Amino acid sequence: MSKLLEGKTALVLGVANKWSLAYAIARAFTREGARLILTYQGERQKETVEELAQELKAARVLACDVQQQQEIDQLAHTLRGDGGRVDTVMHSIAFANREDLSRPFIETSRSGYLLAQEISSFSLVAIARATSPLMTAGGSLTTLTYLGSARVVPNYNVMGVAKAALEATVRYLASELGPQQIRVNAISAGPVKTASARGIKDFSKVLEAVAQHAPLRRNTDPAEVADAAVFLASDLGRGLTGNILFVDAGFQIMGL
Ligand code: NAP
């Protein structure tokens with residue numbers, strides 16, 4: 001059977017460990033025959049990501065802290081020298097200070113607000129600017145968002161505001177990059193227990209509520225998010241751009 005990403009080079013940002021959504025996505029990209037390139041943030045993560053990269057049969061592992069413009073420039077420079085073409089980019093990066101995911105939203109600090117926006121939303125602009133010139137045969141850029149962008153989810157707070165900005169960013173980038181046949185979409189994943197999610201106060205209550213009320217009466221499996229990412233990265237997704245695709249067991253349709 002032919003593989004959906006055969007012949008494509010995929011850059012995946014945001015693998016921190018085996019629980020990362022980006023890890024599930026990278027596995028699915030490898031399964032579908034993509035040539036995989038991973039990034040890590042800082043020396044602290046390097047060894048872990050290199051070990052995971054071996055297991056995932058990644059071709060390369062490169063540094064990229066999205067707060068450091070020179071690291072983004074260096075990433076683009078290395079990719080240009082390394083065959084020069086990228087077909088798909090998976091942006092799976094977000095961060096907010098833990099205290100901003102537990103105290104009342106109104107107490108969000110100026111620096112905490114800006115930090116969440118920079119890492120979780122602006123980084124998509126920076127990555128799109130660096131990688132779109134390498135998508136010489138067209139391509140696909142996908143990010144991960146959450147329902148907390150449009151609805152109030154307790155303690156999601158500043159990250160909900162960052163995700164709202166991220167989703168608007170998807171639409172503006174999709175509009176500008178469309179003429180180059182570069183598609184930009186987001187997957188809105190249901191809650192999954194990852195290192196980032198654990199930083200949100202009472203996150204287990206969110207998981208319980210979803211399992212009770214989602215139409216499919218269960219939580220989201222990372223493999224489902226990964227398969228949707230394959231679809232968007234592959235030629236099967238060729239007609240989609242500017243979309244927010246919900247992979248959440250249907251939870252987002254519910255009023256009560
Ligand atoms: P995760 O494993 O903790 O992944 C978050 C990633 O962001 C980590 O690899 C982290 O690297 C990286 N990151 C943070 N700051 C960075 C920076 N300055 N430069 C580069 N990378 C940076 O958690 P996850 O849940 O899989 O999150 C992935 C994406 O899915 C996020 O956008 C998240 O908002 C989104 N999402 C998650 C859920 C959920 O319930 N888990 C639901 C919907 C959407 P370090 O660990 O090295 O800091």
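How do the residues of the shell around the ligand divide into nonpolar, polar and charged? In this predicted model, the shell holds 16 nonpolar, 9 polar and 3 charged residues. The other main feature described here is an open sheet that 7 strands form with parallel pairing, and the points below take the ligand and the sheet in turn.

**The ligand and its shell**

- Of the 28 residues around the ligand, the ones that come nearest are Ser20, Gln41, Val192, Thr194 and Ser196.
- Two serine side chains reach the ligand with polar atoms: one of Ser20 lies 2.6 Å from a ligand oxygen atom, and one of Ser196 also lies 2.6 Å from an oxygen atom of the ligand.
- The backbone takes part as well, since a polar backbone atom of Ile93 is 3.4 Å from an oxygen atom of the ligand.
- On its own the ligand has 870 Å² of accessible area, and the protein covers 92% of this area.
- Three elements, α2 (42-55), β5 (139-145) and α6 (195-198), each supply at least two residues of the shell, and the largest share, 3 residues, comes from α6.

**The sheet**

- Across the open sheet the strands follow the order β3-β2-β1-β4-β5-β6-β7.
- β3 (60-63) and β7 (244-247) stand at the edges with a single partner strand each, so that one side of each of these strands has no neighbour in the sheet.
- From one strand to the next, the twist averages 20°.
- In general, the strands of a sheet pair through backbone hydrogen bonds, in either a parallel or an antiparallel manner.
- Strand β4 (residues 88-91) and strand β5 run parallel and are joined by 4 bridges; Met90 has Thr142 in β5 as its bridge partner.

**Helices against the sheet**

- Helix α2, which supplies at least two residues of the ligand shell, packs on the sheet, where α2 touches β2 (35-40) and β3, and the direction of α2 makes about 155° with that of β2.
- Helix α3 (residues 69-81) lies across β1 (9-13), β2 and β3, and runs at about 150° to β3.

Note on methods. Residues are numbered from 1 along each chain as its sequence is written. This is a predicted model: local features need pLDDT of at least 70, side-chain atom pairs count only at pLDDT 80 or more; totals for chains, interfaces and linings use all residues. Side-chain values use heavy atoms; hydrogens and water are left out. A residue is near a molecule or strand if one of its heavy atoms lies within 4 Å of it. A polar contact is a pair of N or O atoms within 3.5 Å; within protein, one must be able to donate a hydrogen and the other to accept it, and residues adjacent in sequence count only if both atoms are side-chain atoms. Accessible areas come from the Shrake-Rupley method with a 1.4 Å probe; for residues, only the protein chains shown count as cover. Ala, Val, Leu, Ile, Met, Phe, Trp, Tyr, Cys and Pro count as nonpolar, Asp, Glu, Lys and Arg as charged, and the others, Gly among them, as polar. Two strands pair if DSSP finds at least two bridges between them. Axes are lines fitted to C-alpha atoms, for helices over the stretch in contact, and angles run from 0 to 180 degrees between N-to-C directions. Contact means heavy atoms within 4.5 Å.
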